[in-house]
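Visitor: I have this one open on my screen. Can you walk me through what is in it?

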Amino acid sequence: MKGILIRPRFDDPTKYTFDFAAEILAWCRQAGISVVELAETEAIRSRVEEELAKEGVDLFIHYDHGNEDALIGQDKNAVIDADNCQLLKGKEVYTLACLSAKNLGARVWRIGGKYWGYVDVVSFTTDALPEFRRAFNSGFLFRFVEGDTPQNALSRAKSVFDQLSLELVDDGKTMAALAMRYDGDILVYYNGHKPTTKKKLGPFCLLWRRLRR
Amino acid sequence: MNQENELIAEIKETLTRLTASNPTWRLMLGPESLTAPEVIAKLDKDRKFREVIIKHYFGLAIQIEQRAREKLP
C-alpha cells in the first residue's frame with residue numbers, strides 16, 4: 001500500500017494535530033505502508049497534486065483544517081477541492097479536517113473513493129491531548145494497520161470516542177468529555193456507509209412541522 | 001428552558017474553576033483556540049454551540065446512568 005500524508009502547521013490547532021499525525025506516520029512505517037510525507041511548507045496544492053498524479057497511491061491522509069468543500073494546506077489555500085478531487089478517485093481518504101465529509105467527502109464517494117472524515121466542526125481540549133490523539137487515530141489503526149472492514153473500523157472507532165468520553169467524565173474533564181462525544185457523533189466513513197443527504201423542506205413543510213409541535 | 005440555563009450556569013462554573021486550576025487550558029474548535037473565559041462568552045453568544053453542549057451533556061448523563069444501571073447487581 002502507498003499513501004500520502006499531508007500535515008500543515010500554522011496555528012494552535014495544527015500545532016497539536018501535526019503531532020497527532022506523527023503517530024499515523026509511525027504506524028504506516030511499522031505496517032509497511034510506503035508513505036510520502038508533505039509537511040508544513042510542502043503541504044501545498046502543487047505538491048499534493050504532483051504526488052497524487054503518481055502511480056499506485058491508495059491512501060490519502062490529511063491532518064488538519066478543512067471546510068465543507070476543501071482540505072486546507074500550509075498556505076491556508078485548498079490542497080483538495082471540487083476542482084481537483086477527481087485525483088482521489090478510487091482512493092481512501094483519512095482526514096481530521098472539520099466539515100469536509102459533508103460535501104467534499106460525498107463528492108469523493110460518488111467518484112468511487114472512500115472517505116473517513118467529519119461532517120461538522122472538530123473540537124478537542126488541551127487537558128486531554130493523549131485521549132484525543134487516541135480517538136482521532138483509532139480508525140486508522142483499525143482500518144489500515146489491523147485491516148478491519150470499513151464498517152467495523154467505523155463502529156469500533158465510535159466506541160473508542162464513547163468510552164473515552166466516559167473516562168474523561170471520571171477524570172473530571174467535563175469539557176473534554178463533551179468534545180470527545182461530539183467528535184464521535186460527527187465522524188463518518190463513506191464507504192462504511194453511504195452519505196446521508198438531508199432533504200430540503202419547503203416553507204410550508206417547515207411551518208407545518210412547527211405548528212405540530 | 002430553566003433547566004438548560006441552570007445546566008449552562010454549572011458548565012460556566014466548571015470553566016471558571018478551570019481558569020484558576022489550569023490557566024493554559026484551551027478548547028480547539030475548528031480554527032479557533034479558546035480560553036475558558038472565551039468558551040464562557042461563546043456559550044452566551046453562539047446558539048448552535050450552546051445547543052451542542054447541552055445535547056451532549058444530556059447524552060453523556062444518560063450514558064453514565066445506563067452504565068451505573070448495568071453495574072447494579
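Guide: Sure. This is a predicted model. Start in chain B, where α1(B) passes α2(B) in a left-handed crossing.

Visitor: What angle do the axes of α1 and α2 of chain B cross at?

Guide: Roughly 165°. α1(B) covers residues 2-21 and α2(B) covers residues 36-45, and their axes come within 8 Å. Angles over 145 degrees count as roughly antiparallel, so α1(B) and α2(B) are roughly antiparallel to each other.

Visitor: Which residues in α1(B) and α2(B) meet?

Guide: From α1(B), B:Ile8, B:Ile11, B:Lys12, B:Leu15, B:Leu18 and B:Thr19. They meet B:Ala36, B:Pro37, B:Val39, B:Ile40 and B:Leu43 in α2(B). The residues of this contact of α1(B) with α2(B) divide into nine nonpolar, one polar and one charged.

Visitor: What else is in chain B? How many helices and strands?

Guide: Three helices and two strands. Read from the N terminus, the elements of chain B go α-β-β-α-α.

Visitor: What radius of gyration does chain B have?

Guide: Chain B has 14 Å. A compact globule of 73 residues would have a value near 11 Å. The C-alpha trace of chain B spans about 45 × 30 × 25 Å along its principal axes.

Visitor: And chain A, how does its radius of gyration sit with the globule value?

Guide: It agrees: chain A has 18 Å, and a compact globule with 213 residues would be near 17 Å. The C-alpha trace of chain A spans about 55 × 45 × 35 Å along its principal axes.

Visitor: Now the interface. How many residues does each chain put into the contact?

Guide: Chain A puts in 23 residues and chain B puts in 21 residues. On the chain A side, α1 (12-31), β9 (123-125), α5 (150-170) and α6 each supply at least two residues.

Visitor: Which of those gives the most to the side of chain A that touches chain B?

Guide: α6(A), with seven residues. Overall, the side of chain A that touches chain B divides into 13 nonpolar, six polar and four charged residues.

Visitor: Stay with α6(A). At what angle does it pack with α3 of chain B?

Guide: About 95°. α6(A) is residues 174-186, α3(B) is residues 47-71, and their axes are 9 Å apart. The angle makes α6(A) roughly perpendicular to α3(B).

Visitor: Which side chains should I click on for α6(A) and α3(B)?

Guide: In α6(A), pick A:Ala177, A:Leu178, A:Arg181 and A:Tyr182. Those meet B:Val52, B:Ile53, B:His56, B:Tyr57, B:Gly59 and B:Leu60 in α3(B). The contact of α6(A) with α3(B) divides into seven nonpolar, two polar and one charged residue.

Visitor: I also see strands at the interface. In what sense do β9(A) and β1(B) pair?

Guide: In the antiparallel sense, over three bridges. β1(B) covers residues 27-29. A:Phe124 has B:Met28 in β1(B) as its bridge partner.

Visitor: Changing topic. How many helices and strands are there in chain A?

Guide: Seven helices and 10 strands. An open sheet of six strands has the order β2-β1-β3-β7-β8-β10, with mixed pairing.

Visitor: Which strands are at the edges of that sheet?

Guide: β2 (34-39) and β10 (187-190) of chain A, and each pairs on one side only. Neighbouring strands of this sheet are turned by 15° against each other on average, direction ignored.

Visitor: How many bridges join β8(A) to β10(A)?

Guide: Four, and the two strands run antiparallel. A:Tyr115 stands opposite A:Tyr190 in β10(A).

Visitor: What does α1(A) touch on the sheet?

Guide: β1 (2-7), β2 and β3 (59-62) of chain A. The direction of α1(A) makes about 165° with that of β1(A). Helix α3 of chain A, residues 101-110, lies across β7 (92-95), β8 and β10 of chain A, running at about 175° to β8(A).

Visitor: And the open sheet of three strands, what is its order?

Guide: β4-β5-β6 in chain A, with antiparallel pairing. β4 (66-67) and β6 (78-80) are the edge strands. Two bridges join β5(A) to β6(A), and A:Leu71 stands opposite A:Ile80 in β6(A).

How values were computed. Residues numbered from 1 in each chain as written. Chains lettered and ligands numbered in written order. Predicted model: local features only at pLDDT ≥ 70, side-chain atom pairs only at ≥ 80, totals over all residues. Axes fitted to C-alpha atoms, helices over the stretch in contact; angles between N-to-C directions. Parallel < 35°, antiparallel > 145°, perpendicular 65-115°, else oblique. Left-handed = near helix turned anticlockwise from the far one by under 90°. Contact = placed C-beta atoms within 7 Å. Nonpolar A, V, L, I, M, F, W, Y, C, P; charged D, E, K, R; others polar. Pairing = 2+ DSSP bridges. Rg over C-alpha atoms; globule rule 2.2 N^0.38 Å.
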